[in-house]
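This report introduces a single protein chain to a reader who has not seen it before. Please look over the sequence and the structure before reading on.

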Amino acid sequence: MKPISANVRFLAALIAVSCLLVSCQESINNQLNLEGEWRFQTDPEDVGVDQAWYESVLEDQIVLPGSMAENDKGEDPSVSTHWTGNMWNDSLWYTSEKYAKYRAPDNTKISFWLTPRKVYYGPAWYQRTVEIPENWTDKYITLHLERPHWETTVWINDRLIGRDNYLGTPHTYLLPEGVEAGTHTLTIRVDNRVSDIEVGLDAHSISDNTQSNWNGIIGDIYISAQPKVHLEDIRLFPSVREGKVDVVVAVNNKTRQQVEAKIKLSARLKEGESVPLPALEETVSLAGIDTLNFSYDMGEDFATWDEFEPNVYELTVTLESELGKDDKVEDFGMRDFDAVGQHFEVNGRPIFLRGTLECAIFPLTGYPPAEVQYWKKIYQALKDHGLNHMRFHSWCPPEAAFVAADEMGIYLQVEASVWTYLGDGKPIDAWLFREAENIMRQYGNHPSFVMFAHGNEPRGDSLNTFLNRFLAHFQELDPTKVYAPASGWPYLEQADYYVPYQPRIHRWNEGLNSIINREAPQTEFDYDDFSSAVDQPIVSHEIGQWCVYPDFSGLDKYTGVLEPRNFEIFQETLEENDMGDLADSFLLASGKLQTICYKADIEAAMRTKPFAGFQLLDLHDFPGQGTALVGVLDAFWEEKGYVSPAAFRSFCGPTTLLVRWPKRVYYSGDSLVVPAEVAHFGSEPLQEVSPSWQITSEDVQIIGSGKLADTDLPLGNQLSLGDIAFDLPQIDQAERMILELTVAESKNSWDFWIFPKVLPDLPENDILITDEFDSKLKQYLEAGGRAILQLGRGDLRPEAGGDIEIGFSSIFWNTSWTSGQAPHTLGLLCNPEHPALAEFPTEYHSDWQWWEPISTGAAIVIDDLDPGIEPIVRVIDDWFENRKTALIFEAKVGAGKLLVAGVDLESDLENRPVVKQLRYSLLKYMGSDRFDPKTALTPSSLSTLMK
């Protein structure tokens, strides 16, 4: 942290200028609550200002706090709705024949995000009668609107007070001097259109992709009165190293006459016991807008704030003069958050950020809740899953989110409401500075607020010049935080840290060439080379993005203003293709694969030494931008049933055990040598730990175990524990094994597979294996033969799977928003008890042993075949298509029996042990009496699959 004293004069000047215009913060005394019923009227033609609606009595009613949609105001969504948000490939919804029935007025269902019950874009007018009390005469009176959306214009009676267009902070208006006690008409015009301030249609502060572009006012709504000599703003700059808090207090003396006043500062720990802190008192002389600087000594025994011990203090500032008494209470924490080399430190202790995004996804309200309890639920989900960090993607949350994060020890990265072009001299440039300054003033004292970036993935010809100026400004304004130019890019030397997209196992547009799909399963890789070239802490940008099949069982949770009509489309198309009964199985199987992908992503990040953390996109579902079902939790931050928080935390916790597998597939009798290490970012170093390991078979028989040398664990990662060395047993049957590593209270485990080197001879049979559906095969089957037909992507017609790119991983983000980026499928679903798989170790879902067959595999679409065909191994299709896809299926053909496989079962088998084993299992099954397909296909029907 830079010296606090360097910024005081700059901050004081900023506060003084801002406070001449309007009160910066609410008063806690003398409040007139404005919650309840208001008069209301929409203004779709935007004529209200010209016709002076503030002078008339509005005819409709609405309840605030709330939105129009919550009050059932607005229009029904339709094809003609002009949404706030880019649709990219989702625009096919408007033209594709398959969506025609969902464009009908009585059945409008859009596929690309949740659908508001009501929509409205434009001005709406809110009005009520207010009674100014007699004892407010000669007071400083302000109107406080905690979170309007978006631009507000306010009149008291027929007098215009002003306009405001902040997105991330309250709108606060100073009522004119001389407002008399008695009855007055307060009128507020709220306009949620995008006009000259172009924050970006996909910015999560306004987009229908996320919270919805709502119209209304939420949170606290009140009028307050303060003495004419009163507190305007308080900024706190704690220093753990110095054991003090620098306090900057802005005081406004509206009389502009010299006034003597007493000011008192006193701090106390909000929860628990602490040594009483002495008050600091001074007498000051005030004549206008004054900025007072204090150094508050925290003593010798203060409590610090971090993720493990989130001790929150409150500072009470009281100002008393002959014109009255005013006081404010501000929360803060004794917390230093610094970028030190390539890492972050909290209070001098290294940390690793394990984070996720909050993308303004609020299905019940369509806007961010202003209740602390709601945010505690979210943060508890983070902690349960081992996370300690949250990034707010292109938006700033309300006060309640900071209060909850303070109490629960969550590190926050806040952003200033934009995802757009910058630096081109448009109004957005100046607005962004004001928005960010107001965020700092409003929320900057919260100890959880440690990181700041202007927004997401910016563009602009003069971008770097603009962002360097932006960074320098805010680094000077508030040195208790660290600053990145943006999330995603660019890298700037001026910044404190860097948030790049490169260090992850699948990047945008990599398709099947990503690490997870290109390289055989191993865990040796990390991002040391990339990170070592950057002399800043790196927090990897939006890692993961692994999809899962929709959870239709949770649709009844959508009881608020946003309806899951996109999910309804996917559910209906699944049922139309006679697979509705498989929805839960698709969810669970794809969820297991999703978890495997997240484990690979997160462990790679935690293996990287010059690394400061990662930000997932996302721990919970993102039901917009094409419907991105990337969460292990649903949009309500609740479990889906396929991975427990404890299981997730095992590879994503403060102390995470890691191994560097050279491979995940072994032959029996091989020597297994696996280096073990740990990433330890707990509350303190660990002394004399005793690492142990064991290998168990699938039926939980212990195959081997051992101990590694006792060691001390400092804070950090790439802490070596030694090699796990073991000679694998000689086996006759392929098996899945589990390696479990334990250190103190932490455990982690990894699956691997052992295959026999020499397979038993199969009984003599005449099974034909071919990749040609030719006359020879047809005649062979007609004569009662048994055969395997191998089909690759290049053999299939596009509509039969030739255009489906199948990889090991799940879908990245979704195929709609990415315009069909590969992979196109969500893994496998099979029955491990099927006799065809009796000699091949598998669960009901994809795991790493399937990487080899899938890497050259094909998803065969069997929609047009007899519906009685039940694949032995299914491929779970993209929910936008919901085709019946198979990797392996069987059928009667004439007098013969045929197994069709989208796997190359013949090439280079000595170097492909998994395929060799799968081939053996299939052939053994086909040579037995159990090979008895129930459904018959004709050669002509099969020929429809092939080019």
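## A residue close to the end of the numbering

Does Thr944 count as buried, partly exposed or exposed, and why? The relative accessibility of Thr944 is 35%, and because buried means under 20% and exposed over 50%, Thr944 counts as partly exposed. The model examined here is a predicted one, and every value in this report was computed from it.

Thr944 belongs to the segment that follows helix 14 (939-943). If residues up to four places away in sequence are not counted, Thr944 touches Arg797, Ala800 and Leu865. Leu617, which is 327 residues from Thr944 along the chain, has its C-alpha atom 40 Å from that of Thr944.

## The chain as a whole

The chain contains 14 helices and 47 strands, and its C-alpha atoms fill a box of roughly 110 × 70 × 45 Å along the principal axes. A compact globule of 947 residues would have a radius of gyration near 30 Å, and the 32 Å of this chain agrees with that value.

Of the 947 residues, 64% count as buried. Among the contacts with a separation of 6 or more, 74% are made by residues 24 or more positions apart. The chain exposes about 33,800 Å², and carbon and sulfur atoms supply 46% of this area.

## A parallel sheet and its helices

One open sheet is formed by 7 strands in the order 27-26-25-24-23-30-28, and the pairing in it is parallel. Its edge strands, each of which pairs on one side only, are strand 27 (482-484) and strand 28 (539-543). Neighbouring strands of this sheet are turned against each other by 20° on average, with direction ignored.

At one edge, strand 26 (residues 449-455) pairs with strand 27 in the parallel sense over 3 bridges, and Ala453 has Ala484 of strand 27 as its bridge partner. Helix 3 (residues 399-408) packs on the sheet, where it touches strand 24 (389-392), strand 25 (411-418) and strand 26, and the direction of helix 3 makes about 165° with that of strand 25. Helix 5 (residues 463-477) lies across strand 26 and strand 27, and runs at about 170° to strand 27.

## A sheet with mixed pairing

Another open sheet has 5 strands in the order 32-40-39-35-36, and its pairing is mixed. Here the edge strands are strand 32 (665-667) and strand 36 (702-707), each pairing on one side only, while the twist from one strand to the next averages 25°.

Within this sheet, strand 35 (residues 692-697) and strand 39 (residues 735-743) pair in the antiparallel sense over 6 bridges. Gln694 has Glu740, in strand 39, as its bridge partner.

## Aromatic rings

The count of aromatic pairs comes to 58. One of these pairs joins Tyr54 and Trp155, whose ring centres are 4.7 Å apart and whose planes stand at 15°, so the pair is stacked. Tyr54 lies in the loop between strand 2 (36-42) and strand 3 (60-64) and Trp155 in strand 8 (residues 151-156), so this pair ties together parts that are 101 residues apart in sequence. Tyr54 is buried, with a relative accessible area of 16%, and Trp155 is likewise buried, at 4%.

Ring pairs also link a cluster made up of Phe402, Phe433, Tyr443, Phe449, Phe452, Phe466, Phe470, Phe474 and Tyr483.

## Backbone details

Most residues other than glycine have a negative phi, and most peptide bonds are trans. Against that background, His149 and Trp150 are joined by a cis peptide bond with an omega of about 10°, and Trp150 is found in the loop between strand 7 (140-149) and strand 8. A cis peptide bond with an omega of about 0° joins Ala822 and Pro823, and Pro823 is found in the loop between strand 42 (786-790) and strand 43 (825-830).

Asp578, a residue other than glycine, has a positive phi near 60°; it lies in the loop between helix 8 (565-576) and helix 9 (583-607) and is exposed, with a relative accessible area of 59%. Gln625 has a positive phi of about 50° although it is not a glycine. Gln625 lies in the loop between strand 30 (613-616) and helix 10 (645-649), and at 4% relative accessibility it counts as buried.

Technical notes:
Residues numbered from 1 in each chain as written. Predicted model: local features only at pLDDT ≥ 70, side-chain atom pairs only at ≥ 80, totals over all residues. Heavy atoms only, no water. Helix = DSSP H or I, 4+ residues; strand = E, 2+ residues; numbered from the N terminus. Buried < 20%, exposed > 50% of the residue type's maximum accessible area, 1.4 Å probe, protein only. Contact = heavy atoms within 4.5 Å. Pairing = 2+ DSSP bridges. Axes fitted to C-alpha atoms, helices over the stretch in contact; angles between N-to-C directions. Rg over C-alpha atoms; globule rule 2.2 N^0.38 Å. Areas by Shrake-Rupley, 256 points an atom, 1.4 Å probe, with all protein chains shown as cover. Phe/Tyr/Trp six-rings, centres within 6.5 Å; stacked < 30°, edge-to-face > 60°.
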